[in-house]
Structure formats: structure tokens, C-alpha cells
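User: Hi there! I would like a close look at one small part of this model, and then a sense of the chain around it.

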Amino acid sequence: MMSRDGYEVVIGLEVHVQLATESKIFSSDVNSFGGNPNENISAVTIAHPGTLPLINKKAVDYAIKMGLALGCTINRELIFDRKNYFYPDLPKGYQITQDTTPICVGGGLEVVREDGQKKFIELTKIHLEEDAGKSMHVEGEDYTLVDLNRAGVPLIEIVTEPVLRTPEEAALFLAEIRKIIRYLGISDGNMEEGSMRCDANVSIRKAGEPLGSKVEVKNMNSIRNVTRAILFEIERQTDLKQCGKTIFSETRTFNPTRGDTTGMRTKEELNDYRYFPEPDISPLSIDEEWIRRLQAEMPELPQQLKARFENEYGLPAYDAGVLTEEKEIADYFLDTIGHTTSYKAVSNWLMGPVKSYLNEKGISIQAFPLAPARLADLLALVQSGTVSHTAASQQLFGYLLEHPDESAEESARKLNLVQEGNPDRILALVEEVLGQHPDKVKAYLNGKKALTGMFMGEVMKKAGGTIDPKETSRLIIETLESKR
Amino acid sequence: MKINRETLQKLAHLARIEIDPSEEKGLIKDMEQIISWVEKLDELDTGQVKPITNMSFEVNAMREDTAQNTLTRTEALKNAPDRSGDFFKVPKVLD
């Protein structure tokens, strides 16, 4: 994308993902969001002298799984490093992170833009580190309150190369990352609660020139706000360039209410983190077997699944995209088609009545009352013409949701929704209706073909919707034509 | 190795300590002595030696992911210089 005046936009993302482990990365304190202040802490977390960190194996597993999902190379010999800085949200005076040996390097992710173009977003690395606590600054007071529940929560930081060119690409990348972490079950990816956070590095340059001064934008708690922040930053930087002003390399914070970014005042004239190897944690050596074990646990990933839904089950790309948005929906689809081969019909039902029901109730598919096999039964009744589509979606579906243990077919009978396939009965009804409207019959025979619709309506009304419309329509025309 | 005033002040800033100007001269002299003493190690060629990052020589020392809080809030806050309700209270910091 070119900004105004033909500047090229260069964006790199740093995505922090909190791993959904039971305990923290270097101590056994409970890892959970919310809770009362300073509830989940330990001597390690509050950095008492003499305490030693011990790494959580699950956190390492999760980081490797993410690396495998994104096609990264897994570093086999790992150490951790100390990133030194003084801030009360991390009372040790340093953050344990990985500087020289990130657990994953390379890899990347393909996104499909609105215009149909595909783009591969390369990753620089993924590394493991600990989250910091939370500090609360009370307006007008000369103190800061600190809650260390979050200090030590395991994080992976996913760093892209500066290859993104538009806010749209950033949004697509984040949506895909979030989908993958949810598929892997390694995080809930909730940006509002901060279990997934994104910083964007934005700069502009004339095509072919070296990279411009990089501005890091923080504090975006939704994908939409990431888009807004990047758009604002492109405009701001372009304005500065146009006035011949300098763009400073700095960290800016996004203000969601105003939709702008402001420079963060920083006391630190120069960040000097003085990284050095963390001597308290023994090195990790990841062997083939460890990786094979994790590979065996990997679920089918959203993009693979989407491709399979299109190729194997012949679903349109749109359907495949919607159904693979959440792993649980995709699983439900797969479970349902274990009982029927009407793939597109299952897709229609999931995207239509099922989705509406879930939205209406505000629940996820896990809480959906109808078992996949039951939904397949319902579909089979429609396919065989036993129940009309309208009756199935408007009456039987609702009834089954209330009575998920009853059989679909018996329920249809109970509700009197079974269509009569019996041509004799339909024929009798047709004759009855035609007999009541001799003038309309004449009009039809004189060429007013559109009257079939009116006859159809009358017959269906008499039958109470329990006859097969296709068969009925056929019989009406046949009977009328026989009167010529 | 020569230490100048800027380096000294930068180190002081990173360590969050204040240095009285009257102390600067003496501290610079001390630091230069300490550093030259340590620089003795530079005489050894360690180009072919893999850096040691850990003294235990243990590999893959890990814990299983089981959660257990080992400290109560009351215990944790007991030794804090200051507190406010359930929070640690520290002098105002703005990044």
C-alpha cells in the first residue's frame, strides 16, 4: 500500500500470547486471569533472595507446538537470558526471556487479502518469556499500586519480519494467529483481557529507500484497534514528512477513544537492557523424540482443514472459511458428516439455523443441545422429503432443541409434520381445490399459468403443510392439463 | 580501561543510585582499578571455549505443570516496605 505522496508503508508485528498453562512459567503459582490482587504469587514471583526459577515443561511444549504450526525451525539447544530493567511490576529487576536462542526461528503464515491475493508473512522468531505484573497509577497520588498475579505468566512473543504493507494484512495475520492458538488450545487469545497483545512497528519510506524511523505503537486491545492505530500512524508520519519534519523513533500509545497515538514520556534516554545468560535456569535440549511427541498431538490446523472442507467435501470457500473459524464448529461439522453425506446441507444448517440459535443464546457450540447425530437425522428427514425444509427449520428444529433426547422422526410425527408422499391423498386435495375454483381453472386453461401458485397455496393450506410441495406442484399441473 | 564521568553517571542511572559529585573522582578511580584487575582475564584466549551459562551442568531441569500457590497474600505483603489494601505500594513510577 502506498500512503499519500507515494510513501511505502512498512509494518512489523510483535504478538504476545499468554499460554494457558495451569501454573506460571518459572513457579507453581496459579496462572489465571482476574482474581484478587496478589493472590497468585510465590517467593519466586516476588523475587525473594535465594529463590530459584524452575521452568514449566508445558510452557515449552506449547511454544514448540506454535512453532510447528507456523513451520518454524525449532532450536534444539536453548538457554534463557536476563533482560535487565528496573520497574516494580517485575521485582527481580529483570525479565527472564530468550535473547540469543529463541525457541523457534523462521516460519510464517499465509494470509488471503480481500482482493484474493495471497501473501506470506515471514516470522523472525518466537521466544518464551515471563509476563510482568500490573501497576496501577492513581491519578494525583504520588504512589503506584502493584499486583503481581500476572508476573511470571508464560508468554510467547511472535515477531514478524517487517513485511506487512497494510493495516489489512496486520488484521488478517492477527486473526489467523488467534485462530491457530485456539486450535492448538495453548491460549484463549482474548485481546480484551490481554491474553493476546500486539505491538506494531510502523514506518514509511519512498520505494527503494532504506527503512524509515520505526515507531512502536502499543495498547491496542482488539484487532480493529490495531488497524485504527496503524492507519493513524501512517497519516501522522506522512504529515510529518510532508512538512519536512523528522519522524522520531519512539514508542507511542494508542488511545482508543480518540483514535490517535501519543508519545510515551520516557525517563530512560536509552534503553540498555544488558542482556546476559540467565544462570539460574539449566539449558534445554530438545530432541527428535520430544518434537515427535508434540507433532503427534497436533490437531489439524485451520488452513489445512479449510482446504480439506473445500476439496474433500466440495464446500464453497466461503462455507469452509466460516466452518473453520472455530475448531469446535469444525469438529461439529466433522462429527455430523460422520452420519450423512449431504455435506453442503450440513454446512447450510450450521451456518444458518444453528449459528442463529447460538448467537441468540450467546452460547458456543459446546453448549449446543443437539448431538451431531441428531442433526444428521433431522437433515435426513428433509432429504427424504418426509419433512419439508420449512417445517424442519421452523418447527422441528426448535422442538428438538427443547427435547434433544427424542428421535427426530418420532418428533416429526408427534408434531404432525410428516409430509404425505401418498399421491392419492394429494390428488384428492388437488381435485377438491380445483372443484372449488372453476373460474380460475378456466382462466388457467386460457393461459393464466401464474394461477398454479394460487392453487398451490390453497392445497398446502388444506394439507396443513404436511405434503411434499414438489409432488403437489407436479400433480396440480398434471390435473389442470388433463382438463384441456 | 578509562572510565569517564558519562559512563559513571549512566551506570548510576541504570542502578537507580544517586552519586554525589564529590564522590565521582574516587569512584572513577575505584572502577578503573576493578576493571583493570578483571581485564587480566583477557590475556587468556577463550576463542575456542563454549561459554558456560549454567553452573549445574544439568540439562532439561523442568517441572510439571501443576498449580499450587505457596505463599498467602498476607505472608507476601508482610515484608513489603509499604502496602495499600491488597497491593504493594511503591513510589510513583511512570515509564
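In β6(A), which residue is the bridge partner of Lys83(A)?

Analyst: Happy to help! This is a predicted model, in which local features need pLDDT of at least 70, side-chain atom pairs count only at pLDDT 80 or more, and totals for chains, interfaces and linings use all residues. Residues are numbered from 1 along each chain as its sequence is written, chains are lettered from A and ligands numbered from 1 in the order in which they are written, and side-chain values use heavy atoms, with hydrogens and water left out.

Now to your residue: Lys83(A) has Gln95(A) as its bridge partner in β6(A). Strand β5 of chain A covers residues 81–84 and is joined to β6(A) by four bridges, the two running antiparallel. Strands here are DSSP E runs of at least two residues, numbered from the N terminus, and two of them pair if DSSP finds at least two bridges between them.

Widening the view, β6-β5-β17 is the order of an open, antiparallel sheet of three strands in chain A. Because β6 (94–97) and β17 (276–277) of chain A each have a single partner strand, they stand at the edges, with one side left without a neighbour in the sheet.

As for the surroundings, chain A holds 15 helices and 18 strands, helices being H or I runs of at least four residues. Its C-alpha trace spans about 95 × 55 × 50 Å along the principal axes. Of the 484 residues of chain A, 49% are buried, meaning under 20% relative accessible area with a 1.4 Å probe, protein chains only.

Key. Buried means under 20% relative accessible area, exposed over 50%, partly exposed in between (1.4 Å probe, protein chains only).
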